[in-house]
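Here's one to look at together, with a few questions to work through. Have a look at the fold before you read on.

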Amino acid sequence: MAKQQFKAESKRLLEMMINSIYSQREVFLRELISNASDAIDKIYYKALTDESLTFDQENYYIKVTPNKENRTLTITDTGIGMTKEELENNLGVIAKSGSLAFKTENELKDGHDIIGQFGVGFYAAFMVADVVTVVSRALGSDEAYKWQSEGAEGYTIEPHEKDTVGTEIILQIKENAEEENYDEFLEEYSLKTIIKKYSDFIRYPIKMDVSGQRPKEDSDDELESYVEEQTINSMVPIWRKNKSELTDEDYEKFYQEKHYGFDKPLKHIHISVDGTIRYQSILYIPENMPFDYYSKEYEKGLELYSNGVLIMNKSADLLPDYFSFVKGMVDSEDLSLNISREMLQHDRQLKLIAKNINKKIKNELQSLMKNDREKYETFYKAFGRQLKYGVYSDFGSNKEVLQDLLLFHSSKENKLVSLDEYVSSMPEDQKYIYYASGESIDRIEKLPQTELVSEKGYEILYFTEDIDEFAIKMLMNYKEKEFKSVSSGDLGIESDENEAQTETERAENKDLFDFMKNVLSSKVKDVRISKRLKSHPVCLTTEGDVTIEMEKILSAMPD
Ligand code: ADP
Ligand code: MG
């Protein structure tokens, strides 16, 4: 039989992948099991729309069978199987995902719980196997085929016997080499551990024949060996479990399994509400900003499940824009499985859930700020700008939610402070919340305008981002204290005692000021004696609402 060649680029890709995508070899099992689970999901999905099909949960499972003598590991599923063409297309072309195609063909955009979409997982098998054999019979077909490959060299395909619909994947596990040992992939115990570790929430039973010893009947001291089929995975999704049963690692594992991000989540929020609305949710605050976060490509949203079945990959309605960095899922028994995107938008339940979630996220962030400042500042570095945009683009109640989450660099002690912290440490005579804008902290520190305020012992917030001042303008005040730029004309710092002296100075130098004003007439509105300067001879100030920094930004904007 002639071997068919992988296309050249596929060959390279395969080698690259085998060596680099997966840091741990054991994930090959996770990949094959998730493919098996996808294959069962496909039957399940078909049964929803095809009346001639029934889906009897008991008949659907995945089985893992090691054989030490032959050094084989077999993964069997009772899923939808593959036709000859599908074997060729899905396993013969790397990075081609039959599962993704299935979702598209069936218009399952927001589809089903189908995991696959990249079309590379299957090849992870070659990390541990020399030869991979796939025997498959597709739903609705009497024929079965055997696909076989030794890796980058290509594959063969031929008719084969198989009594039942589904797929059997037989891995010829590699021989041990000097520093490489592959025996664990033939050991019952370690296989069980790997399954538990990666595939515990797979919704179908993953079975294994487990051998053990037990006391013989009618005898106290004699043992007999037995083999028993066990289901290894717990199947219950993590969000249905009790918080007290779960560890941080469990949540992190779920985050990774779900591909919510490549980082470790900074914090998880597990919500279980059982009142007028019923829902469970696991939310994550990522540690790092996704690379496309501030681009148009970035899509916010949470996975939405209806009673354990995924109905939408990214339900944008569940998150306000200012929390668009939050990842996670929501499962509610009160949502219909067949609900459409349009209907969802108007769904009352969904709105209530969204509102509830919004509140929880805010509270969690606030308590993070209070209880783990370092973590909060890491978060703020990544996503603080988004919160400020939230304040700025306020059309409703964003302000109330967000103002307590903001941090700004403070003139005191070179650290970040919240508005609450600022206001509570204000001296009694201080009327305003002072701020200064500039390109960098260094630059702001050198501004002559900050001198008087600092001398008074008042703290100044340093605004270094374009959005800062705009956001503050939207807030207008915090706890009844107005914001005031240090470069505004009236600083609200009284010094009446010198008023008379200033008056005299002004009169004495009238000619000089008139002259300066005249010369600078196209640049400034007035030239005055200043009370705010200490070590600088001169500074610029503004009148009205728009400060110098804002003016710079506004004039840089396209008309
Ligand atoms: P992905 O799962 O990301 O689509 P894989 O490389 O893991 O990519 O699998 C490629 C394709 O092969 C799948 O999309 C699916 O169409 C098919 N496939 C793999 N394993 C099975 C299986 N056990 N039963 C049916 N189809 C399978
Ligand atoms: Mg896969």
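**Helix pair and sheet**

In this predicted model, helix α9 (residues 373-392) and helix α14 (residues 466-475) have axes that come within 8 Å and cross at roughly 40°.

Q: Are α9 and α14 roughly parallel or oblique to each other?
A: Their axes cross at roughly 40°. Roughly parallel would need an angle under 35 degrees, and roughly perpendicular starts at 65, so the pair falls in between. That makes α9 and α14 oblique.

Q: Is the crossing of α9 and α14 left-handed or right-handed?
A: Take the sense of turn from the near helix to the far one. For α9 and α14, the crossing comes out left-handed.

Q: How many nonpolar residues are in the contact of α9 with α14?
A: From α9 come Arg385, Lys388, Tyr389, Val391 and Tyr392, and they meet Ile467, Asp468, Phe470, Ala471, Met474 and Leu475 in α14. By class, three residues are charged and no polar ones take part. The nonpolar count is eight.

Q: Which strands are the edge strands of the open sheet?
A: Eight strands line up as β5-β4-β3-β6-β2-β1-β7-β8, with mixed pairing. An edge strand pairs on one side only, which here picks out β5 (155-160) and β8 (223-231).

Q: Which residue in β8 stands opposite Gln213?
A: Strand β7 (residues 206-215) pairs with β8 in the antiparallel sense, over nine bridges. Opposite Gln213 in β8 stands Ser225.

Q: What angle does helix α5 make with β7?
A: Helix α5 (residues 188-199) lies across β1 and β7. Its run relative to β7 is at about 135°.

Definitions and conventions
Residues are numbered from 1 along each chain as its sequence is written. Chains are lettered from A and ligands numbered from 1 in the order in which they are written. This is a predicted model: local features need pLDDT of at least 70, side-chain atom pairs count only at pLDDT 80 or more; totals for chains, interfaces and linings use all residues. Two strands pair if DSSP finds at least two bridges between them. Helices (H or I, at least four residues) and strands (E, at least two) are DSSP runs, numbered from the N terminus. Two residues are in contact if their C-beta atoms, placed from the backbone, lie within 7 Å. Axes are lines fitted to C-alpha atoms, for helices over the stretch in contact, and angles run from 0 to 180 degrees between N-to-C directions. Angles under 35 degrees count as roughly parallel, over 145 as roughly antiparallel, 65 to 115 as roughly perpendicular and the rest as oblique. A crossing is left-handed if the near helix is turned anticlockwise from the far one by less than a right angle, and right-handed if clockwise. Ala, Val, Leu, Ile, Met, Phe, Trp, Tyr, Cys and Pro count as nonpolar, Asp, Glu, Lys and Arg as charged, and the others, Gly among them, as polar.
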